[in-house]
Amino acid sequence: MQPLNLDTAIVNDIRESHPRSLHASAIEQTPTNPVPTPDPRHQRGYLQSRGMLDQRFNLVKHPDGTVLLPILSSCLSQLDLLSLSNTLASDVCDLTWSQSPLQSKKEKRRTGGNKMERTLQDLLESLGERWMVELRRDLPRSFQRHGDLILLGDNCFTLPLWKKIGGHLWVAVAEVLGAKRLAKMSRISKDGFRSPVVTMLLGDNSWVKHVDNGISYEFDVTKCMFSAGNITEKLRVAGFDCRGETVVDLYAGIGYFTLPYLVHAKASHVHSCEWNPDAVAALQKNLEVNGVSDHCTIHQGDNRQVQLCNIADRVNLGLIPSSEDGWPVACRLLKRTTGGVLHIHQNITSSLQNGAPQNVSAKNADREVWKAWADDTANRIASLLRDLTGAPWVINIQHIEHVKSYAPHVHHVVLDLDCRPF
């Protein structure tokens, strides 16, 4: 079998040479062994987590397997090609500099938006309807792609005229977006499971497959959520060394973190807690698809009622906006004699207007709020463990990881707490 070709070009020195063309020096990644093609999202997540990825530009895939990842020019002095090659490529591929054009996200959105507008304008005119400015503002500005299914948000195609067109509309939209199936999310339900309220617009089968870092996630988009924005945290978890460890995932969902712990971090066993029956069905399927079902026990129901104690080397609390209800459970799960690590997810809101000095930057002000929350959380976990065991514990803040931002000064972070009996 011939080696699979994958060139990952990592852009530096971006210069505009044409209104629609950007040229860049790049890193070329070429495989050295006949192994499955590495997932470029691993490299993207690595670079993004270190603030090197230039998010004005899209990741670009060429037919020959070449993948381009844009780099901020300000980070060039920090970019060590040999170190990067060892970290991202290992024995799978080599990295070298190359040249390649890129298209900015803004330009791509404008081009795609114009195509959809022209297509739908032609459709309306063929049906005897008139195009209006209001219709342009009602077109989708973003969407999620899951294989051949496009999931639209709730802020598009809201005007009555679209309903009048009927099924012709969805066929045209799918063709423009290169999809075979369409679905539209209206809101998140208040059923306690955070289930999406999704309507299929085109096609009947609502099950999809999403691949991140070599892990397959299969789920029903009308019943389960999938957050692509958590990719950097899933990559971080995949980089842990959990050999010999027992991990408890308190909010497992379809396996967002359970699977990286098993597939890449090599945890000996994961106990996955989940109370949404639809997510449990998807989790069971994903464990089998990824070949790790023998190393996972699923506990369906409220994790506060799980009859587990004194078993965990590591507990993942991946619930936002807050996992606080799970803190007492996590403390009960840690091994009494050796302790372990808690990974606590939280949405933190901060603002310069909330008392920060005027000479403090927004970024630094946000981080000060994160640190204050982390200190308070560490003290509360220490108190919970002391009350639970009757003995003092040593709690150390290992790391605060920024996962993503929802709005200015609203951040999803993960606190790594090392908890050891004194």
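The legends below describe close-up views of a predicted model.

**View 1. The open sheet and its edge strands.** Seven strands build this sheet, which is open and of mixed pairing, and they follow one another in the order S14-S13-S12-S15-S16-S18-S17. Strand S14 (296-300) and strand S17 (393-407) each have a single partner strand and stand at the edges, so one side of each is left without a neighbour in the sheet. Averaged over neighbouring strands of this sheet, and with direction ignored, the turn of one against the other is 15°. The pairing of S17 with strand S18 (residues 410-421) is antiparallel and extends over 12 bridges; within S18, Asp418 is the bridge partner of Asn396.

**View 2. Helices that lie on the sheet.** Helix H7 (residues 231-238) lies across strand S16 (340-349), S17 and S18, and it runs at about 145° to S17. Helix H9 (residues 277-289) also packs on the sheet, where it touches strand S13 (269-274) and S14, and its direction makes about 170° with that of S14.

**View 3. Salt bridges between helix H7 and strand S18.** Asp416 and Arg236 form a salt bridge in which the closest N and O atoms are 2.7 Å apart. The pair links distant parts of the chain, with Asp416 in strand S18 and Arg236 in helix H7, 180 residues apart. How buried or exposed are the two partners, given that buried means under 20% relative accessible area? Asp416 counts as buried at 4% relative accessibility, and Arg236 is likewise buried, with a relative accessible area of 16%. The pair belongs to a network of salt bridges in which Glu233, Arg236 and Asp416 are linked. Helix H7 also holds Lys234, which lies over the face of Tyr217 at 4.9 Å from the ring centre.

**View 4. Lys285 between a carboxylate and a ring.** The salt bridge of Lys285 with Glu218 has its closest N and O atoms 3.2 Å apart. Because Lys285 lies in helix H9 and Glu218 in strand S11, the pair ties together parts that are 67 residues apart in sequence. The two residues differ in their burial class, since Lys285 is partly exposed, with a relative accessible area of 34%, whereas Glu218 is buried, with a relative accessible area of 15%. Lys285 also lies over the face of Trp207, at 4.7 Å from the ring centre.

**View 5. The surroundings of Ser216 in strand S11.** Ser216 has its place in strand S11 (residues 215-220), and at 11% relative accessibility it counts as buried. When neighbours within four places in sequence are left aside, Ser216 is in contact with Lys209, His210, Val211, Leu259, Asn286, Val289 and Asn290.

**View 6. A salt bridge within helix H11.** Lys371 and Asp375 form a salt bridge, one of 14 in the structure, with the closest N and O atoms 2.9 Å apart. The two residues are 4 residues apart in helix H11 (residues 362-389), and they are therefore separated by about one helical turn. Both are partly exposed, Lys371 at 39% relative accessibility and Asp375 with a relative accessible area of 32%.

**View 7. Helix H6 and an aromatic cluster.** Within helix H6 (residues 167-177), the buried residues include Leu169, Trp170, Ala172, Val173, Ala174, Val176 and Leu177, and the helix is followed by Gly178, whose phi is positive, near 70°. A search of the whole structure finds 7 aromatic pairs. In one of them, Phe157 and Trp170 have ring centres 5.3 Å apart and planes at 90°, so the pair is edge-to-face. This pair links distant parts of the chain, with Phe157 in the loop between strand S7 (149-152) and helix H5 (160-165) and Trp170 in helix H6, 13 residues apart. Phe157 is buried, with a relative accessible area of 7%, as is Trp170, with a relative accessible area of 14%. Ring pairs link these two residues with Trp131 and Trp162 into a cluster.

**View 8. A stacked pair of phenylalanines.** Phe219 and Phe226 form a stacked aromatic pair, at 5.4 Å centre to centre and with 10° between the planes. Phe219 counts as buried at 1% relative accessibility, and Phe226 is buried with a relative accessible area of 6%.

Conventions. Residues are numbered from 1 along each chain as its sequence is written. This is a predicted model: local features need pLDDT of at least 70, side-chain atom pairs count only at pLDDT 80 or more; totals for chains, interfaces and linings use all residues. Side-chain values use heavy atoms; hydrogens and water are left out. Buried means under 20% relative accessible area, exposed over 50%, partly exposed in between (1.4 Å probe, protein chains only). Two strands pair if DSSP finds at least two bridges between them. Axes are lines fitted to C-alpha atoms, for helices over the stretch in contact, and angles run from 0 to 180 degrees between N-to-C directions. Contact means heavy atoms within 4.5 Å. Rings of Phe, Tyr and Trp (its six-membered ring) pair if their centres lie within 6.5 Å; planes under 30 degrees apart count as stacked, over 60 as edge-to-face and the rest as tilted. A charge sits over a ring if NZ of Lys or CZ of Arg is within 6 Å of the ring centre and within 35 degrees of the ring normal. A salt bridge is a side-chain nitrogen of Lys or Arg within 4 Å of a carboxyl oxygen of Asp or Glu.
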